[in-house]
Amino acid sequence: MARLGSWIEPHPTGIYVKPADAWVDPSLPQPRALVTHGHADHARGGHGTVWATPETLAIMGVRYGDQNGCEVAYGQSVTVGDVEVSFVPAGHVLGSAQIILDWKGERVVVSGDYKRRPDPTCEPFLPVKCDIFITEATFGLPVFHHPETGSEIDKLLMRLADNPDRCVLVGAYALGKAQRVIAEARRRGHSQPIYYHGALERLCNLYQEQGIDLGELRPVAGADKKDMMGHLVLCPPGALNDRWSRRLPDPITAAASGWMRIRQRARQKNVELPLIISDHADWGELTDTILEIAPKEVWITHGREDALMHWCMTRQIKARELNMVGYDDDEDDG
């Protein structure tokens, strides 16, 4: 009898689906690529044909130029080779999807990156029963428990209100995190203009073109220091302590990431206001999701594979580490 999932071959550079002759999130150019979402460690340029959600293809277009893309909307099914392929929301960033692979009565779900917290900038995660669930484990340690997003945004807005002669400079990943911080601040009643580093402009514009309301945004370039007093300013994490920030009015440095749970990381980055806002599932969400889906096997990728595999094994859930490379757990994408 064939081993469960014998038609799926994990490689260090991606997951090869043999009866489809296609790869999921390959890190090297391939003739056929199924892409879960637009982050650069999952979506690369140079593929022959790309199957992805319309939003992910739009993001790839901004980053890599026009793709030879096949749009697959949420809930839609297409046939690739001999495999039925469908995409459902992953709740990670705009357009992010879990890829469902059905072949000869077996179902494999490749979750990509995902989270279970509500996010006004993307569709919520949809649990799907399957035989094999391929899960990330970025925050796959029991120490990681993300607080409520609203409480972190309240901390940010209170610090801003308490310092009207300064600005709060938030380091946030350019795709997904920056737009989420803006949208969450709007939900908490912050209606003032928000300033941004030029590196965020194209993706913020794309989100707004896709119907995500971010309110009034202004570029830092050309703005006067006095104009930015009492305002939020967003930038990529790498620009937090860059010479660029000298043009700002005495900035209070903040960073939005699940890694801000680790105080040492915040100190290393010279972050005065750590905001624990993650676009990945925390430990409880990872384990609850596995219990909810109840797969026969769990395959674990990029992150803290050992701890999650041990958790599975103690509950008689067959688990396997994939040991893939090129999928980051960097704090910038936390």
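Q: At what angle do the axes of helix 2 (residues 149–161) and helix 3 (residues 177–187) cross?

A: Two packed helices are described by the angle between their axes and the distance between the axes. Here the axes of helix 2 and helix 3 come within 10 Å and cross at roughly 80°, and the two helices are therefore roughly perpendicular (65 to 115 degrees). The model is predicted, so that local features need pLDDT of at least 70 and side-chain atom pairs count only at pLDDT 80 or more, while totals for chains, interfaces and linings use all residues. Residues are numbered from 1 along each chain as its sequence is written, and side-chain values use heavy atoms, with hydrogens and water left out.

Q: Which residues of helix 2 meet helix 3?

A: Contact means heavy atoms within 4.5 Å. On the helix 2 side these are T149, I153, L156 and L157, which meet R180, V181, E184 and A185 of helix 3. Sorted by class, this contact has 5 nonpolar, 1 polar and 2 charged residues.

Q: In what order do the strands of the open sheet stand?

A: Strands are DSSP runs of E, at least two residues, numbered from the N terminus, and two of them pair if DSSP finds at least two bridges between them. In this open sheet 7 strands follow the order 7-8-9-10-11-18-19, with mixed pairing. Strand 7 (77–80) and strand 19 (318–321) stand at the edges with a single partner strand each, so one side of each lacks a neighbour in the sheet. From one strand to the next, the twist averages 25°. Strand 7 pairs with strand 8 (residues 83–89) in the antiparallel sense over 4 bridges, and V83 in strand 8 is the bridge partner of V80.

Q: Which strands does helix 6 (residues 283–293) touch as it packs on the sheet?

A: Helix 6 touches strand 11 (132–137) and strand 18 (297–303), and its direction makes about 175° with that of strand 11. Helix 7 (residues 305–314) also packs on the sheet, where it touches strand 11, strand 18 and strand 19, its direction making about 165° with that of strand 19.

Q: Is A254 buried or exposed?

A: A residue is buried when its relative accessible area is under 20%, and exposed when it is over 50%. A254, found in strand 16 (residues 252–256), is buried, with a relative accessible area of 0%. Among the residues that A254 touches are V168, V170, L240 and L273; V170 is 84 residues apart from A254 in sequence, yet 4.6 Å from A254 in space, C-alpha to C-alpha.

Notes
Axes fitted to C-alpha atoms, helices over the stretch in contact; angles between N-to-C directions. Parallel < 35°, antiparallel > 145°, perpendicular 65-115°, else oblique. Nonpolar A, V, L, I, M, F, W, Y, C, P; charged D, E, K, R; others polar. Buried < 20%, exposed > 50% of the residue type's maximum accessible area, 1.4 Å probe, protein only. Lists of a residue's contacts leave out its neighbours within four places in sequence.
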